Amino acid sequence: MHFQICVLSLAFGLSICCCPAGYYTVRDNPACFTFLKAKNFEDGVQQCRNASGIPYKISNIFVNKNLYLWSNSSTRVIADEYYLGIRRRDEVWLYWDGSSVDYLHWGPGQPAPNSNNLTNSAAMPLVRKSDGWITVAEIRPLPFLCGHAPEC
């Protein structure tokens, strides 16, 4: 059974905005999100596009912390790491749609330097043991964090 999550939003004027069934939201970010089971980063991108998804943008430390707290308390997260939809291209971190990343929250020793010529195939999961991010190769099977605009 899926329930719609609705919030009173000031971001879209004073209105009630609802996440599609199967999507969730955290405080400080009006966007909705879900986790898609992905074979690799590209598979996650394709599934998110097929679901009319958008990159879920972690825009500041508050959204990052709330997503971290939500993922640690939720039974809906199916892994300790998941792709955030951010990738490294020519030493620049971008969302999968090519838009710029305004906020980064690396864990200690991160981002890892390029190794094994993975310059163009790096992704970033949020590790549930810490709210700091790490780099991983895009070939790993990890859940993919997919965003969706709320329906107001």
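Colleague: How many salt bridges does the count come to?

Modeller: The count comes to 3 salt bridges, and I should say at the outset that this is a predicted model.

Colleague: Which residue forms a salt bridge with Glu42, and how far apart are the closest N and O atoms?

Modeller: Arg87 is the partner of Glu42, and the closest N and O atoms are 2.4 Å apart. Since Arg87 belongs to strand β6 and Glu42 to helix α1 (residues 41–50), this salt bridge ties together parts that are 45 residues apart in sequence.

Colleague: Is Arg87 buried or exposed?

Modeller: Arg87 counts as buried, because its relative accessibility is 9%, whereas Glu42, at 42% relative accessibility, counts as partly exposed.

Colleague: And what does Glu138 do?

Modeller: The side chain of Glu138 also meets that of Arg87 in a salt bridge, at 3.0 Å from N to O. That pair links distant parts of the chain, with Glu138 in the loop between β9 and β10 and Arg87 in strand β6, 51 residues apart. Glu138 is buried, as is Arg87, and the residues Glu42, Arg87 and Glu138 are linked in a network of salt bridges.

Colleague: Which side chain meets Glu81 in a salt bridge?

Modeller: That would be Arg140, with a distance of 2.9 Å from N to O. Glu81 sits in the loop between α2 and β6 and Arg140 in the loop between β9 (136–137) and β10, so this pair ties together parts that are 59 residues apart in sequence. Glu81, at 16% relative accessibility, counts as buried, while Arg140 is partly exposed with a relative accessible area of 32%.

Colleague: Changing topic, how many helices and strands does the chain have?

Modeller: There are 2 helices and 10 strands in the chain, and from the N terminus on the elements run β-β-β-β-α-β-α-β-β-β-β-β. Of the 152 residues, 49% count as buried. If one takes the contacts between residues at least 6 apart in sequence, 67% of them join residues at least 24 apart.

Colleague: OK, strand β10 then. Why is β10 largely enclosed by the rest of the structure?

Modeller: Strand β10 covers residues 143–148, and 6 of its 6 residues are buried, so the rest of the structure largely encloses it. Pro143, Leu145 and Gly147 point one way from the strand, Phe144, Cys146 and His148 point the other way, and all are buried. This follows the usual pattern, in that side chains in a regular strand alternate between the two faces of the sheet.

Colleague: In what sense does β4 pair with β10, and over how many bridges?

Modeller: Strand β4 (residues 29–37) pairs with β10 in the antiparallel sense over 6 bridges, and within that pairing Phe35 stands opposite Leu145. Strand β5 (residues 54–55) also runs antiparallel to β10, to which it is joined by 2 bridges, with Cys146 in β10 as the bridge partner of Pro55.

Colleague: What about the largest nonpolar core, which residues have the most contacts inside it?

Modeller: That core has 19 residues, and the ones with the most contacts inside it are Phe33, Tyr56, Ile58, Leu67, Leu84, Ile86 and Leu145. The elements that contribute two or more residues to this core are β3 (24–26), β4, α2 (61–73), β6 (83–89) and β7 (92–95). Apart from it lies another core, of 14 residues, and Tyr23, Leu36, Phe41 and Val136 are among them.

Colleague: You mentioned α2. How far apart are its end C-alpha atoms?

Modeller: They are 18 Å apart, which agrees with the 18 Å that its 13 residues should span at 1.5 Å a residue.

Colleague: Which residues of α2 are buried, and what covers them?

Modeller: The buried residues are Val63, Asn64, Asn66, Leu67, Tyr68, Trp70 and Ser71, and what covers them includes β3, β4 and β10. At the start of α2, a side-chain oxygen of Asn60 reaches to within 2.9 Å of the backbone nitrogen of Phe62.

Colleague: Last one: where does Thr25 lie?

Modeller: Thr25 lies in strand β3 and is buried, with a relative accessible area of 18%. A polar atom of the Thr25 side chain lies 3.2 Å from the backbone oxygen of Ala31.

Methods
Residues numbered from 1 in each chain as written. Predicted model: local features only at pLDDT ≥ 70, side-chain atom pairs only at ≥ 80, totals over all residues. Heavy atoms only, no water. Buried < 20%, exposed > 50% of the residue type's maximum accessible area, 1.4 Å probe, protein only. Helix = DSSP H or I, 4+ residues; strand = E, 2+ residues; numbered from the N terminus. Pairing = 2+ DSSP bridges. Core = buried A, V, L, I, M, F, W, Y, C linked by side-chain atoms within 4.5 Å. Expected span 1.5 Å × (residues − 1). Contact = heavy atoms within 4.5 Å. Polar contact = N/O pair within 3.5 Å; in protein donor to acceptor, adjacent residues only side chain to side chain. Salt bridge = Lys/Arg side-chain N within 4 Å of Asp/Glu carboxyl O.
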